[in-house]
Amino acid sequence: VERTLAVVKPDAVEKVKEIEDIILRSGFTILQKRTLQLSPAQCSDFYAEHYGKAFFPSLTAFMSSGPIIALALARENAIAYWRSLMGPVNSTKARESHPHCLRARYGDSELRNALHGSDNFTAAEREIKFMFPNSVIE
Ligand code: ATP
Ligand code: MG
């Protein structure tokens, strides 16, 4: 089995029950769960790969604007499977092209798109450690 990090972003926290039900019905195990609020500096660190892009300041402001819920998920092919459940990054466009995906259902825009998912193995391991620094999950 593979692990990935899912994050329920501030705009979707009130829908976490529904989202968790979908996660469990999709065959994921929730290894760890944590509600936290990141500072702007911590968000910059988490999204360091996007530093310098035009949307970076709004991304860090949005992600630090309220609580988020971090979920370490396990499943066969977890990284790709979770990204396909989330759907395309832009929630508005996703409503046209992938109306059943989670970002279409729970997000509003390209920035406020409800959910995050790691995009490869190295990122998943880094991001799980970032959100769960005090745990050992092997
Ligand atoms: P995530 O990393 O959140 O799972 P992703 O990998 O699909 O999403 P990235 O390109 O890594 O997308 O962008 C990270 C996040 O930055 C997006 O989820 C979205 O919130 C925001 N974002 C990306 N591109 C834009 C953009 N052009 N305008 C506004 N916000 C954006
Ligand atoms: Mg990404």
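## A walk through the sheet and its surroundings

From the N terminus on, the elements of this predicted model follow the order β-α-β-α-α-β-α-α-α-β-α. That gives the chain seven helices and four strands, where helices (H or I, at least four residues) and strands (E, at least two) are DSSP runs, numbered from the N terminus. Residues are numbered from 1 along each chain as its sequence is written, while chains are lettered from A and ligands numbered from 1 in the order in which they are written. As the model is predicted, local features need pLDDT of at least 70 and side-chain atom pairs count only at pLDDT 80 or more, whereas totals for chains, interfaces and linings use all residues.

Let us begin with the overall dimensions. A compact globule of 138 residues would have a radius of gyration near 14 Å, and the chain agrees with this at 14 Å; the radius is taken over C-alpha atoms, and the globule rule is 2.2 Å times the number of residues to the power 0.38. Along the principal axes, the C-alpha atoms fill a box of roughly 35 × 35 × 25 Å. Of the 138 residues, 34% count as buried, a term that asks for 20 or more other C-beta atoms within 10 Å of the residue's own (12 or fewer make it exposed, anything in between partly exposed, with C-beta atoms placed from the backbone). Among the contacts in the chain with a separation of 6 or more, 68% come from residues 24 or more positions apart; here a contact means that two C-beta atoms, placed from the backbone, lie within 7 Å.

Now to the sheet. Four strands form an open sheet in the order 2-3-1-4, with antiparallel pairing; two strands pair if DSSP finds at least two bridges between them. Its edges are strand 2 (29–36) and strand 4, each of which pairs on one side only. Neighbouring strands are turned by 20° against each other on average, direction ignored, with axes fitted to C-alpha atoms (for helices over the stretch in contact) and angles running from 0 to 180 degrees between N-to-C directions. In general, strands of a sheet pair through backbone hydrogen bonds, either parallel or antiparallel.

Which strands does strand 1 pair with? One partner is strand 3 (residues 68–75), joined in the antiparallel sense over seven bridges. Here V8 has I69 as its bridge partner, and L5 has A72. The other is strand 4 (residues 115–117), again antiparallel, over three bridges, where A6 stands opposite G117. Six of the seven residues of strand 1 (residues 2–8) are buried, so this strand is largely enclosed by the rest of the structure. Helix 7 (residues 121–131) lies across strand 1, strand 2 and strand 3, and runs at about 55° to strand 1.

Strand 3 also pairs with strand 2, antiparallel and over seven bridges; K33 finds its bridge partner in L71 there. A good residue to pause at is L73, which lies in strand 3. L73 is buried because 28 other C-beta atoms lie within 10 Å. Its C-alpha atom is separated by 7.0 Å from that of A6, although the two residues are 67 apart along the chain. Leaving aside neighbours within four places in sequence, the contacts of L73 are R3, T4, A6, I23, F28, I30, L31, A78 and W82.

Two loop residues deserve a look for their backbone. N77, in the loop between strand 3 and helix 4 (78–86), has a positive phi of about 60° although it is not a glycine. A114, in the loop between helix 6 (102–106) and strand 4, is not a glycine either, and has a positive phi of about 75°. Are these residues buried or exposed? N77 is exposed, with 12 other C-beta atoms within 10 Å, whereas A114 is buried, with 26.

Finally, turn to ligand 1. H50, F55, L59, V89, E110, L111, N113, H116, G117 and D119 surround it, each with its C-beta atom, placed from the backbone, within 6 Å of the molecule. By class, this shell has four nonpolar, four polar and two charged residues; Ala, Val, Leu, Ile, Met, Phe, Trp, Tyr, Cys and Pro count as nonpolar, Asp, Glu, Lys and Arg as charged, and the others, Gly among them, as polar. G117 links this shell to the sheet: G117 is among the residues around ligand 1 and stands opposite A6.
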